[in-house]
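Reader: I have a model open in my viewer and would like to learn how to read its features. Could you take me through it step by step?

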Amino acid sequence: MYYQDKFTWRNRLGEHVIAHHDGAVSAMIAWDGFDFDMCADDQRQQYCKQLYDFYHACSGKYYYEMHGWRRRNTDLIDRYVNSSASLPRKSDFINYMRTEIAEHYRRFAFANDTAVVVTFKPTTIPLIMTASLVNQVRDADTMLAHIAEVINYLPGARLLTNHEYEQRILRTSMPSVA
């Protein structure tokens with residue numbers, strides 16, 4: 001028995017669900033996360049209420065794993081440099097300074113990605129492979145219906161495709177590859 005036989009995915013079920021070797025099914029929800037540091041008190045209270053409502057809507061028969069990743073992202077730096085063309089006070093010196101400042105910060109530019117993995121793990125696994133797959137398909141449909149109920153509690157949430165989900169797994173386990 002190898003680790004990857006028990007704790008890795010076996011195949012895709014539909015567009016959003018991954019079936020695992022141990023009979024479990026899972027899907028990943030990407031969402032915007034909350035920026036508690038850069039918000040007013042009333043916004044912070046609203047974020048906490050949303051998170052509370054999400055946790056309250058979660059069912060005890062599913063596992064919910066919160067994940068967060070840091071990745072390089074220079075989108076804001078590029079927008080900053082490109083916006084200098086529309087500034088009313090532009091000169092060669094100001095353009096030079098803006099470009100130099102942008103290039104200095106480019107190596108420090110990161111973004112946060114957040115996601116929730118929802119997993120259903122059956123308590124028993126049938127000995128017959130066909131029955132196991134039928135159960136996984138049924139469990140996947142039930143889990144997707146549950147996700148449709150709770151996904152709106154998270155801002156900017158969307159259900160990832162299998163390909164996107166697998167990319168996030170690879171980013172976590174092999175950052176140099178993904």
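Reader: Let's start with side chains. Which side chain does the side chain of E103 make a polar contact with?

Author: Happy to begin there, and keep in mind that the model is predicted. For a polar contact, look for nitrogen and oxygen atoms within 3.5 Å of each other. Here the side chain of E103 pairs with that of R106, at 3.2 Å. E103 sits in helix α4, which covers residues 92-106.

Reader: Is E103 buried or exposed, or something in between?

Author: Something in between. Buried means under 20% relative accessible area and exposed means over 50%. E103 has 40% relative accessibility, so it counts as partly exposed. You can also place E103 by its distance to D78: the two C-alpha atoms are 9.5 Å apart, while 25 residues separate them in sequence.

Reader: What does the side chain of D22 reach?

Author: A backbone atom this time. The side chain of D22 reaches the backbone nitrogen of A24, at 3.2 Å. D22 belongs to the loop between β2 and β3. With a relative accessibility of 12%, D22 is under the 20% limit and therefore counts as buried.

Reader: And where is R70, and which residues does it touch?

Author: R70 is in strand β4, residues 63-72. Setting aside residues up to four places away in sequence, R70 touches F110, A111 and N112. With N112 there is a polar contact between the two side chains, at 2.8 Å. The C-alpha atoms of R70 and F110 are 6.4 Å apart in space, although the two residues are 40 apart in sequence. R70 has a relative accessible area of 55%, which is over the 50% limit, so R70 is exposed.

Reader: Let me turn to pockets. How does one find them, and which residues line the second largest pocket?

Author: The general idea is simple: rolling a probe the size of a water molecule over the atoms shows where empty space is left. In this model, the second largest pocket has a volume of about 160 Å³. Its lining consists of N73, D75, L76, I77, Y105, F108, A109, F110 and A111. F110 and A111 in that list are also residues that R70 touches.

Reader: Which element gives the most to the lining of this pocket, and what kinds of residue are found there?

Author: Helix α3 gives the most, with three residues. Both α3 (75-83) and β5 (110-120) supply at least two residues each. By type, the lining divides into seven nonpolar residues, one polar and one charged.

Reader: Now the interior. What should I look for, and which residues of the largest nonpolar core touch the most other members?

Author: In soluble globular proteins, nonpolar side chains tend to be buried together. In this structure the largest nonpolar core has 22 residues, and V25, V118, M143 and I147 touch the most other members. At least two residues of this core come from each of β2 (17-20), β3 (25-31), α2 (41-57), β5 and α5 (129-150). Another core lies apart from it, with eight residues, including A30, W69, V117 and L160.

Reader: What is V118 in contact with, beyond its neighbours within four places in sequence?

Author: The contacts of V118 are V25, S26, A27, I29, Y62, Y63, Y64, M143 and I147.

Reader: Finally, how do I read the fold as a whole? How many helices and strands are there?

Author: Count six helices and six strands. Along the sequence their pattern is α-β-β-β-α-β-α-α-β-α-β-α. The protein has 178 residues, of which 31% count as buried. Among contacts with a separation of 6 or more, 74% join residues 24 or more positions apart.

Key
Residues are numbered from 1 along each chain as its sequence is written. This is a predicted model: local features need pLDDT of at least 70, side-chain atom pairs count only at pLDDT 80 or more; totals for chains, interfaces and linings use all residues. Side-chain values use heavy atoms; hydrogens and water are left out. On a 1 Å grid over the protein atoms alone, a cavity is a set of points where a 1.4 Å probe fits but cannot get out, and a pocket is an open set with protein on both sides within 12 Å along at least five of seven lines; lining residues have an atom within 4 Å of a point. Grid points are joined across faces, edges and corners, and a volume is the space filled by probe spheres set on the points. Helices (H or I, at least four residues) and strands (E, at least two) are DSSP runs, numbered from the N terminus. Ala, Val, Leu, Ile, Met, Phe, Trp, Tyr, Cys and Pro count as nonpolar, Asp, Glu, Lys and Arg as charged, and the others, Gly among them, as polar. Buried means under 20% relative accessible area, exposed over 50%, partly exposed in between (1.4 Å probe, protein chains only). A polar contact is a pair of N or O atoms within 3.5 Å; within protein, one must be able to donate a hydrogen and the other to accept it, and residues adjacent in sequence count only if both atoms are side-chain atoms. A nonpolar core is a set of buried Ala, Val, Leu, Ile, Met, Phe, Trp, Tyr and Cys residues joined through side-chain atoms within 4.5 Å. Contact means heavy atoms within 4.5 Å.
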